[in-house]
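Visitor: I'd like a close look at a single part of this chain, with enough of the surroundings to make sense of it. Could you take me through it once the picture is up?

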Amino acid sequence: MDAGELISGTLKIRAIHGKNLWPDEGTTSDPYLKIVFWNKKTQRTKTKKKDLNPVWLKDITMPVEMKKGQYKPLRCEIYDDDLIRDDFIAYCDVPWISCIGNPNKWMIDEIFKLRGSANTEKKNPDKSFGELYL
Ligand SMILES: [Ca+2]
Ligand SMILES: [Ca+2]
């Protein structure tokens with residue numbers, strides 16, 4: 001495959017659950033998952049109220065129309081839902097290149113360790129932010 005090769009289809013992601021998420025609000029938070037795609041489009045799950053082990057079980061689909069060279073991992077971000085401004089909690093990057101060329105197969109079945117931002121790592125010095133299962 002060369003970088004100019006066109007890739008088209010639909011990417012389907014099953015957001016399953018988060019585990020041991022870091023509590024933004026002392027002992028809990030209201031987490032949702034936001035996925036930032038290669039084209040900067042985003043999609044998110046619903047908020048799970050007061051749940052550090054949220055089960056979203058949400059299927060997210062994104063049409064793929066891009067050149068191979070535009071490939072980027074999926075940026076998966078966990079936020080705490082708040083009235084005024086949602087707090088960023090943690091993120092991970094999920095490679096999905098194995099999905100290209102394998103239509104109609106689930107290629108990712110994995111637990112990803114979450115990482116904090118510089119700001120959340122300051123608030124959470126042991127840097128354990130939990131895990132995301134996709
Ligand atoms: Ca909240
Ligand atoms: Ca908050």
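In the hairpin of E2 and E3, which residue takes a positive phi, and how many residues are there between the strands?

Guide: Happy to, with one caveat up front: this is a predicted model. The residue you want is Lys40, with a positive phi near 70°. Five residues lie between the strands of that E2 and E3 hairpin.

Now for the two strands of the hairpin. E2 and E3 run antiparallel and are joined by three bridges. If you want a spot to put your cursor, try Lys34, which stands opposite Arg44 in E3.

The hairpin belongs to an open sheet of four strands, and the order across it is E3-E2-E5-E6, with antiparallel pairing. E3 (42–44) and E6 (87–94) are the edge strands; each has a single partner strand, so one side of each is left without a neighbour in the sheet. On average, neighbouring strands here are turned by 25° against each other, direction ignored.

Let's walk across from the hairpin. From E2 you step to E5, an antiparallel neighbour held by six bridges. On this seam, Val36 stands opposite Arg75 in E5. The next step takes you from E5, residues 74–80, to E6, again antiparallel, this time over seven bridges. Here Leu74 has Val94 in E6 as its bridge partner.

At that far edge, stop at Ile89, a residue of strand E6. Is Ile89 buried or exposed? Ile89 has 24 other C-beta atoms within 10 Å, so it is buried; the cut-off for that label is 20 or more. Skip the neighbours within four places in sequence, and the contacts of Ile89 are Leu21, Trp22, Asp24, Ser29, Pro31, Ile78, Tyr79, Asp80, Thr120 and Phe129. Arg115 makes a handy landmark too: it is 26 residues from Ile89 in sequence, and the C-alpha to C-alpha distance is 8.6 Å.

Ile89 also turns up in the largest nonpolar core, which has 19 residues. The members that touch the most other members are Leu33, Cys76, Ile78, Ile89, Ala90 and Leu114. At least two core residues come from each of E1 (6–19), E2 (31–36), E5 and E6. E5 gives the largest share, four residues. So E2, one half of your hairpin, is among the strands that feed this core.

Zooming out, the chain has one helix and eight strands, and along the sequence they follow the pattern β-β-β-β-β-β-β-α-β. The radius of gyration is 16 Å, close to the 14 Å that the globule rule gives for 134 residues, so the chain is as compact as a globular protein of that length. Taken along the principal axes, the C-alpha atoms fill a box of roughly 50 × 30 × 25 Å. As for burial, 21% of the 134 residues count as buried. Finally, take the contacts in the chain with a separation of 6 or more: 59% of them are between residues 24 or more positions apart.

To retrace the route on screen, start at Lys40 in the hairpin of E2 and E3, cross the sheet in the order E3-E2-E5-E6, and finish at Ile89 in strand E6.

Notes. Residues numbered from 1 in each chain as written. Chains lettered and ligands numbered in written order. Predicted model: local features only at pLDDT ≥ 70, side-chain atom pairs only at ≥ 80, totals over all residues. Pairing = 2+ DSSP bridges. Axes fitted to C-alpha atoms, helices over the stretch in contact; angles between N-to-C directions. Buried ≥ 20, exposed ≤ 12 C-beta atoms within 10 Å, placed from the backbone. Contact = placed C-beta atoms within 7 Å. Rg over C-alpha atoms; globule rule 2.2 N^0.38 Å. Core = buried A, V, L, I, M, F, W, Y, C linked by C-beta atoms within 7 Å.
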